[in-house]
Amino acid sequence: MAEYKKDAEAGVATYIQPEVEPERASGSGGEKPHAGDEDFEVFKHVEGGVDYRTVGWPRASVIFLKVIFATGVLSIPSAMVSLGAVGGAICLIGWGAINTYTATTLGKFRNSHPGCHTVADMAYHVGGAWFRELVGALYLIAYTLCAGTGILGTSIGINALSSHAACTVWWSFIATVAIALMASFPKFHQIGWLTWAGFFSIFIAVFIVVCGVTRYDRPYAAPADVTDFGYYAIPPVPATFAAGVTACVTIFVSSAGTSAFIPVISEMRRPQDFYKALYTCMGFVTACYLAFSLVVYRWCGQYVASPSLGSAGPTIEKVSYGIGLLGLLVSGVIYAHVGAKYLFVRILRNSRHLQEKTPLHWMTWFGCSLGLCAISFILAEAIPVFNYLVALVGSICFAPLALMLPAVFYFYDNKTVIKTGTIGQKIEWGINVILFFLGAFFLVSGTYAVILEIIQAYADGQIGGAFSCANNAA
């Protein structure tokens, strides 16, 4: 049962979230909780406080779209250089399906276990406090790095628009300030209009580039004496292990940010509608990724830019960045908001300050949002190559969050399936075993491969150095 504590200072009843024992949380005994019940949810419908439960499923689907259809779409064409059109297309479709399935697993677990705001809370049901802290740290690192991709992408866009009129570090700082200000709205509902504007901004920008690259009979960046532009259905020379794994991880991470969907469920009016938003988002994103990336790779080959908005020459580059700049900013906003909201709830949970507009409430919230953006700025400047930063996020963070962790949650809720389940249930159990070890493989080999690629990029002069004033749009 939920408990309420009379606060002597405020004179109001404050909700105390019950600590749920793992055995009971699994639904093995007693009545199964229902998503949307007041005693079940982290945020309550309150009077006189901040009502977070205001998001409908159409708006949730747009938030999901902006989480997924963000910086990932700008790095996929360059990944196809290593994999070829066939391998890249198979990776796109396969990872889209896998990430949709694992997101469904996350949603089912969250809607079956009380008090879950993020995957870290879900981890508490499975492994207790130590597992919650481990997953929480990984979750925070993931979305801090993701916010860094938004900062880096925005600085590249400003450099392209201004023809590198100032030091790149200053552009990154300006991007960080803008992202921090917009991410500081406390509710997802309040940044809903930003997600709409940001999604259409980046979608239109990418579409312009897709149309723009077809205006030329050769890649704009290709030297005049080159006739082999590096477009292959299947590359004649296989990619190195490091390059192939990095490309695969880059495509994987483009739709792997589904752990960010969980805190949005906590702010939905009807958490049961999560699946409508999920399938709408993932179906649309996978189709767009496939169409856009194949066209850009077909016309640009190995001369595709990263981010891909620079692939159609300087004029189209300025137009696309001018339109897409808001989308790049909003990508950083969403990621920063997700990370800051985790910290905020983690600090103030089970206190009246979580939803009451007290000074501590606001100081904690702004401290979390501004502090996380500051760290993202430092990371973006330390790894100033867009596709490598995206790949590093995928291998270190999203391999465990989007592949290994959903499998763990599935095993926890289906302990007896392997012995007593139907053939279909046993097959699904086996699929989750494969997904767990696939995530472990990418965690180890992907991180190793990306680090090798970053070291090589420094050696080749592709990376000028940390906190460099050099033009990162060149």
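## Salt bridges, cores and a cavity in a helical chain

Arginine 346 counts as partly exposed, at 34% relative accessibility. The model that places this residue is predicted. The side chain of arginine 346 meets that of glutamate 133 in a salt bridge, with an N to O distance of 2.2 Å. This pair links distant parts of the chain. Arginine 346 lies in helix H11 (residues 314-348), glutamate 133 in helix H5 (residues 129-162), and 213 residues separate the two. Glutamate 133 is likewise partly exposed, because its relative accessibility of 37% falls between the 20% and 50% limits.

Glutamate 133 has another partner. Its side chain also meets that of arginine 132 in a salt bridge, at 3.5 Å from N to O. Arginine 132 is buried, because its relative accessible area of 17% is under 20%. Arg132, Glu133 and Arg346 are thus linked in a network of salt bridges. Side chains of opposite charge can pair when their charged atoms come close.

A further salt bridge joins aspartate 273 and lysine 276, whose closest N and O atoms are 3.6 Å apart. Aspartate 273 is buried, with a relative accessible area of 10%. Lysine 276 is partly exposed, with a relative accessibility of 44%. The model holds 4 salt bridges by the rule applied.

The protein chain as a whole contains 15 helices and 2 strands. Of its 474 residues, 57% count as buried. Contacts were also sorted by sequence separation. Among contacts in the protein chain with a separation of 6 or more, residues 24 or more positions apart account for 83%.

The largest nonpolar core has 123 residues. Phe69, Val119, Tyr143 and Phe398 touch the most other members. Helix H13 (residues 386-413) gives the most to this core, with 15 residues. A second core of 7 residues is separate, and includes Val345, Leu354, Trp365 and Cys368.

Tyrosine 143 illustrates the contacts made by a member of the largest core. With neighbours within four places in sequence left aside, tyrosine 143 is in contact with Gly257, Ser259 and Ala260, among others. Its contacts also include Tyr335, Val338 and Gly339. Phe398 is another of its contacts, and Phe398 itself is one of the four named core residues that touch the most other members.

Valine 62 is found in helix H2 (residues 57-68). This residue is buried, because its relative accessible area of 5% is under the 20% limit. Beyond its neighbours within four places in sequence, valine 62 is in contact with Thr195 and Trp196. The C-alpha atoms of valine 62 and leucine 278 are separated by 9.8 Å, although their positions lie 216 residues apart along the chain.

Internal space was examined next. Rolling a probe the size of a water molecule over the atoms shows where empty space is left. The count comes to 2 cavities of 30 Å³ or more. The second largest cavity has a volume of about 60 Å³. Its lining includes Val73, Ile76, Pro77, Val206, Val209 and Val210. Tyr289, Phe292, Ser293, Val296, Ser308 and Leu309 also line this cavity. Two or more lining residues come from each of helix H3 (76-110), helix H7 (192-213) and helix H10 (274-300). H10 provides the largest share of the lining, 4 residues. By type, the lining of the second largest cavity divides into 10 nonpolar residues, 2 polar and no charged.

Backbone geometry was considered last. Most residues other than glycine have a negative phi, and most peptide bonds are trans. Serine 163 has a positive phi, near 55°. Histidine 164 also has a positive phi, near 55°. Serine 163 is placed in the loop between H5 and helix H6 (168-183), and histidine 164 lies in the loop between H5 and H6 as well. Serine 163 is exposed, because its relative accessible area of 54% is over 50%. Histidine 164 is partly exposed, with a relative accessible area of 27%.

Notes: Residues numbered from 1 in each chain as written. Predicted model: local features only at pLDDT ≥ 70, side-chain atom pairs only at ≥ 80, totals over all residues. Heavy atoms only, no water. Buried < 20%, exposed > 50% of the residue type's maximum accessible area, 1.4 Å probe, protein only. Contact = heavy atoms within 4.5 Å. Core = buried A, V, L, I, M, F, W, Y, C linked by side-chain atoms within 4.5 Å. 1 Å grid on protein atoms, 1.4 Å probe; cavity = no way out; pocket = protein on both sides within 12 Å on 5 of 7 lines; lining within 4 Å. Points joined across faces, edges and corners; volume = space filled by probe spheres on them. Nonpolar A, V, L, I, M, F, W, Y, C, P; charged D, E, K, R; others polar.
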